[in-house]
Amino acid sequence: MRDLDYLQLLSHEFPTARSCAAEIINLKAIMALPKGNEYFFSDIHGEYESFIHLLRSASGVIREKIRDTFGELMPEEEQQKLARLIYYPTETLTDMRRAGLLSEEWYKETIIRLIALCREVASKYTRSKVRKKLPVEYGYAIDELLHTDESEPDKKLYYLEIVDAVTKVEVADDFIIAISELIQSLLVDRLHIIGDIFDRGPRADYVMDELIKFNNVDIEWGNHDISWMGAAAGNMACIATVLRIATNYNSFDVLEDGYGINLRPLSMFADKTYKDDKCESFRPHLLDDNKYDSVSPELAAKMCKAITVIELKLEGELIKQHPEYKMQSRLLLDKVDYERGVVRIEGREYPLKDTHFPTIDPSDPYSLTEEEKMLMSTLRYSFQHSSRLRKHIKFLYSHGCMYKICNNNLLFHGCIPMDADGEFKVIVTPEGKRSGKSLMDYYQEKIEDAFFLDELDEPERSKEAVDMMWYLWAGPDSPLFGKDRMATFEHILIEDKALSVEHYNPYYEYSAKASYCEKIFEEFGMQPEISHIINGHVPVKVAKGEKPVKADGKLYVIDGGLSKAYHDKTGIAGYTLIFNSHHMALAEHREFDRYGDNTPEIYITETMKHRLLVRDTDDGEKLRKRVFDLEELLECFRVGLIKEIR
C-alpha cells in the first residue's frame, strides 16, 4: 500500500468511497476522449494582427470545420462571411449594423448555424470541459442548444424558443460574440510558442496580452525574448540592444505607449549629438506606422546611431570582463583608425560607411561619456520600473523555459550546441563542464537567477547571471542564438556583405539527419521512434525551395517568417504546426490582409497510426497516476484503513 499519510490527505478531497469511485469513473472516461488540439507558433516578432488572426481562425481550421459542417448547403461566399463573423464578431456586427444588414431572421439563422458548428467542434470534449469555457451569462442557454436534439418534435419547439427568446430580448449580438469566442477557444486546446515574441514588429505587448489571456500556453524562450528579459533585469547592453532594434524598425509605440519607456532623453541626446549628421547607415525600416508616438525617419536614424554606439561600447566592456565568453573577436571599436575611417579585421582594412563618431575616444573607445552614462542610467530605471513590462516578463518566466518535452515533442527555439564532429559541444562553466541537456538546464538556472536573485544579498551571482543574459542573446555557444557571431558592426558599418555573414552552429547541419535527431532524443530521455524536434529561429526560405520538415519527418522548423521583415526572403508569412488526434499538419500562412481571405494552406505531414486519445498523452499519464492513487484510497476505505467522512 502507498504511504497512508498521503492517502489520508487525499481523503480530505474525496471523503467517501462513493466520491472516490465517481472520480475514478470520470477520469477513466476522460482518458478515452480524443487528444486535444495543440498549436505551435514561432518567431511572432510583435506581429500582433497576424498572430491574433491566426489564433481566432485556428490557423484556417475554423474555415475547414465550416466546410465540413455545411458543405454544399452553404455557398462559398456565405461560408467566408460566417468565418469572418467568428474571427471578428464585434467588428463584423458593427459593420453590418451600419450597412442595415441585420434582421431578426438573420440573427436566428446565424445563431442556428453557429450552434451547429459549435456542436461539431465540441464533440470531442466532455460536457464539463465545454461548460467551463461557457460565458456565465449565456452558459445555460448555449449548453441547452448544444445538447438538445431538435429533430424530435417536442425538443425542436424548445430549441427554437431559446433562439427566439435571444432575439426578442435584444441580446443576440452578445450571444453571437459568446458563441464565436467559444468556437475559437475549443479549437485551440494548447498553445506552444517556440520563441521570439519580441522585436521588429509593431506591438509585442499586444501579443503578450493575448497569451496571458490564454488558458493553456507554454513559451520556449528565443534570443529576442532573452534580450528583453535581460533589459528588465537591468543589463544595460540588453537595454541598448532592445532600443537599437526598436529604433531601427520604427517600433516606438511598443516602447512608449506599450511599456511607458521614456525615450525623450535618448531623442534629445541623439538630436544634439548628431544634429547635422544624416546617419544614412542607420535609417529605419518603415514596415509599420506608429499610432501614438510618431518619430520622423531622420530623428529615428539619429536615435538608432546614438544607441548603437552605446551598445557596441557596453558589449565591449562585457566581453573584456568575461574572457570565458571567448568573444574577443567582437572587440572592433579599438580596431578602428578614426582619422582614416577604416577598421582592421583579421589583418585587412575595410573602409567604414560612417566615420562621424563624436562620442568615441580613440584612446579609450569602450568608455561611455558622462552624458551617455546619465542617459543609460535613466533608461535602465525606466525599463526596471515599467509595471506592464514587469508583468509580461514575469509571465515569460512563469510559463517559459529553455526547452520543453510535451507529448513526444522536444521544443526549443534555436539549437543544442554541437561541435564540428557532431558531438554535443562541451562548455566549461564556473560549475563544471556542461553539454547537451545539462547545458540547457544550466542556462535555465542562470536565466532564473538573473531575475529572481537579490543583487544586494548575492551581488556576484546576480551580476554573473545578469551579464549572461546578453551572452545568451549573442554568444557563439548560446543555444538561443546558435551562430558564431552577432555581426552588428559589420552589417551596419561595412559595405562588404561577406563580412556580415553569420555562420550557424553545426547543429543545423547535423539535425537535418535522422540519426542525429535520434541522438538528441536519447540525450533527453525520449523515444526516438515516435519523437519530433520542433524549432524556430531560422526562417525557412520556401521561395528558394527549402522545406520545414527535415530528418525524415523527425525535425520541424516552423519559422517561416511571420514577421514582415522576412517575407521577401521566405516567400510566405510563417507556419503553424497543428497536432491533433489524427495527424500533424502545417498551415502555411498568407501575408495578412484584414479584409481579404487569409486562410492558410494546410497540408498533413504525418498521420498517426491510430487516433490518439487523452490516455496517449502526457496528461493521460498524469491521470493514470491519479487513478492509481484513487484506487488505493478506495481500497483503504473498503478494508477500513481509512475512515470515510460522512
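This section describes internal cavities and aromatic contacts in a predicted model.

Residues are numbered from 1 along each chain as its sequence is written, and side-chain values use heavy atoms, with hydrogens and water left out. In this predicted model, local features need pLDDT of at least 70 and side-chain atom pairs count only at pLDDT 80 or more, whereas totals for chains, interfaces and linings use all residues.

The largest cavity (a set of points on a 1 Å grid over the protein atoms alone where a 1.4 Å probe fits but cannot get out, lining residues having an atom within 4 Å of a point) has a volume of about 150 Å³, a volume being the space filled by probe spheres set on the points, which are joined across faces, edges and corners. Of its 14 lining residues, Leu-312, Glu-315, Arg-330, Met-486 and Phe-489 are the closest to the centre. Helix α17 (297-321; helices are DSSP runs of H or I with at least four residues, numbered from the N terminus) gives the largest share of this lining, 4 residues.

The structure holds 21 aromatic pairs (rings of Phe, Tyr and Trp, the last by its six-membered ring, with centres within 6.5 Å; planes under 30 degrees apart count as stacked, over 60 as edge-to-face and the rest as tilted). Tyr-48 and Tyr-206 pair edge-to-face, with 4.9 Å between centres and 80° between planes, and this pair links helices α3 and α12 across 158 residues of the chain. Arg-203 lies over the face of Tyr-206, 4.1 Å from the ring centre (the criterion being NZ of Lys or CZ of Arg within 6 Å of the ring centre and within 35 degrees of the ring normal).

Notes:
On a 1 Å grid over the protein atoms alone, a cavity is a set of points where a 1.4 Å probe fits but cannot get out, and a pocket is an open set with protein on both sides within 12 Å along at least five of seven lines; lining residues have an atom within 4 Å of a point. Helices (H or I, at least four residues) and strands (E, at least two) are DSSP runs, numbered from the N terminus.
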